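Reader: I am new to this structure and would like a close look at a single part of it. Please start from one residue and work outwards to what surrounds it.

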Amino acid sequence: MPDVLDPVADLVKRRKAPVVVQTLRSAAAATLSYVVALQLSNEPAPLTAPLTALLVVQVTLFATLTTGIRRVNAVVVGVLLAIAFSILVGLTWWSLGLIILASLTAGHFARVSEFVPEVAISAMLVLGVSQVTATAWDRVLETLIGAVVGLGFNFLLAPPVWVHTAGESIVDLARRMRQLLLHMAEELGSHTPVERAAARLHEARRLDHDISQVDAALRQAEDSVRLNPRVKEGLLHRVVLRTGLDTLEICTVVLRVLTRTLTDLAKKRTDEPLFPADVAEALEDLFRYTAAAVESFAILVTSPVSASAEEAESHLATELSRAHTSRDEAAHLLLRRVQRHPGQWQLQGALLAEVDRILAELDMEQRSRRLMEELDRSTRENRERFPALHKLQRRLRGRRRDGGRKGADPGA
């Protein structure tokens, strides 16, 4: 029965994937823009309109707005250059090369970003027709139709918010880190070949690739909450997830160093366990509690402000407390052993220091302080970037407060 349901579950998951949503939205917007352009343009086949809509409609509303503006700018700049060249020199082999050079240069100055080649494409297409002026303005009109339809499409049908998808990626990353820590814990009290320890090191290094994938999902989520009418606290969502991923990224780096320390220790102890039984038991507990704390931290930063978040915070506090207790016990045992057998003391001390760094990054007080700092910084940057909008918001809030005072019952 599970084998039959697995393809269905996979199909449902794929239907909600960003690439599927992007495909359906782009196809619908392109078709609609072509229908509108047929009514307004003089061209028999106004394909520029659906092409523009296809490029303008992105997964997020913020990306759609920024992309639409840049694309319209690119087409207009290219058309203006084509009109100028048609008046001055017409179409020759050397004027074609010159207009491509001028278009690419103008595209960089116009800051159209990834649409720099579109400036040259627009200029060449317009310059290659006989009636330059009419075709040029038809192309501008079609571009505007495609851009307006694309923007209106996203305003009327707000794109999905990808915060949940990014949250799932963060939790999945934390679980892979947890699994690595648990595997390392199982090997502390036994003889570990250098090859097996090195395999753990390579596994930790592969987490860097995972970080880049999660970062891409998070950037998409950050764009999806910008200017989205379905999101009330977009800044808070962005900062919470971003600071959470930053913390896990630091933990990933420290985890890689930790596996390197164990690999070096395995090279020194080729015919004996990495640690004696009592020390290994304390370190195993430390690694297990740390692994649980990493997962609880990821669940906390990706949970909404509700009972689930409170439960995740409670679990994180418990796991961190247990980890610190195990850490103190392991440090005491290691100290006694190093005093009797000082060999490789620096590796054992480095092991504890690296675990300390992970626990410090997961600390809830440090997390709250970091979150407040990032919120203040983001608010300050937005205020400096858009001072007029900030003044308008303050004025509206002031009027709201004044209205509340006037409407209050004096005798209440």
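**From one helix to the core**

Author: Asp208 lies in helix H9. The model is a predicted one. Asp208 has a relative accessibility of 34% and counts as partly exposed, because that value falls between the 20% limit for buried and the 50% limit for exposed. Apart from neighbours within four places in sequence, Asp208 is in contact with Thr252 and Arg256. Glu249 is another residue to look at here: 41 residues separate Asp208 from Glu249 in sequence, and their C-alpha atoms are 8.1 Å apart in space.

Helix H9 (194-225) also takes part in the largest nonpolar core, as one of the helices that each supply at least two of its residues. This core has 61 residues, and those touching the most other members are Leu248, Phe275, Leu283 and Phe287. Besides H9, helix H8 (163-186), helix H10 (234-268), helix H11 (277-302), helix H12 (307-340) and helix H13 (345-362) each give at least two residues. The largest contribution is that of H11, with 13 residues. In soluble globular proteins, nonpolar side chains tend to be buried together.

Phe275 shows what such a core residue meets. Setting aside residues up to four places away in sequence, Phe275 touches Leu188, Gly189, Leu262, Leu265, Arg269, Ala280, Leu283, Leu334, Gln348 and Leu351. Two of these names, Gln348 and Leu351, return among the buried residues of H13. The other buried residues of that helix are Leu347, Leu352, Glu354, Val355, Ile358, Leu359, Glu361 and Leu362. H13 is 18 residues long and spans 26 Å from its first C-alpha to its last, close to the 26 Å expected at 1.5 Å a residue. An α-helix has 3.6 residues a turn, so residues three or four places apart point the same way.

Away from this core there is a second, separate one of 6 residues, which include Ala74, Leu81, Phe115 and Val119.

Nonpolar residues also appear on the surface. Ile87, Leu88, Val89, Trp93, Trp94, Leu98 and Leu101 form a nonpolar patch there, with about 870 Å² of accessible area together. Helix H4 (61-88) and helix H5 (93-109) each supply at least two of the patch residues, and H5 has the largest share, 4 residues. Trp93 is placed in H5. With a relative accessible area of 76%, Trp93 is exposed, because the value is over 50%.

Conventions: Residues are numbered from 1 along each chain as its sequence is written. This is a predicted model: local features need pLDDT of at least 70, side-chain atom pairs count only at pLDDT 80 or more; totals for chains, interfaces and linings use all residues. Side-chain values use heavy atoms; hydrogens and water are left out. A nonpolar core is a set of buried Ala, Val, Leu, Ile, Met, Phe, Trp, Tyr and Cys residues joined through side-chain atoms within 4.5 Å. Buried means under 20% relative accessible area, exposed over 50%, partly exposed in between (1.4 Å probe, protein chains only). Contact means heavy atoms within 4.5 Å. Patches are made of residues with over 30% relative accessible area and no salt bridge: like charges are joined within 9 Å, nonpolar side chains (Val, Leu, Ile, Met, Phe, Trp, Tyr) within 5 Å. Accessible areas come from the Shrake-Rupley method with a 1.4 Å probe; for residues, only the protein chains shown count as cover. A salt bridge is a side-chain nitrogen of Lys or Arg within 4 Å of a carboxyl oxygen of Asp or Glu. The expected span of a helix is 1.5 Å times one less than its number of residues.
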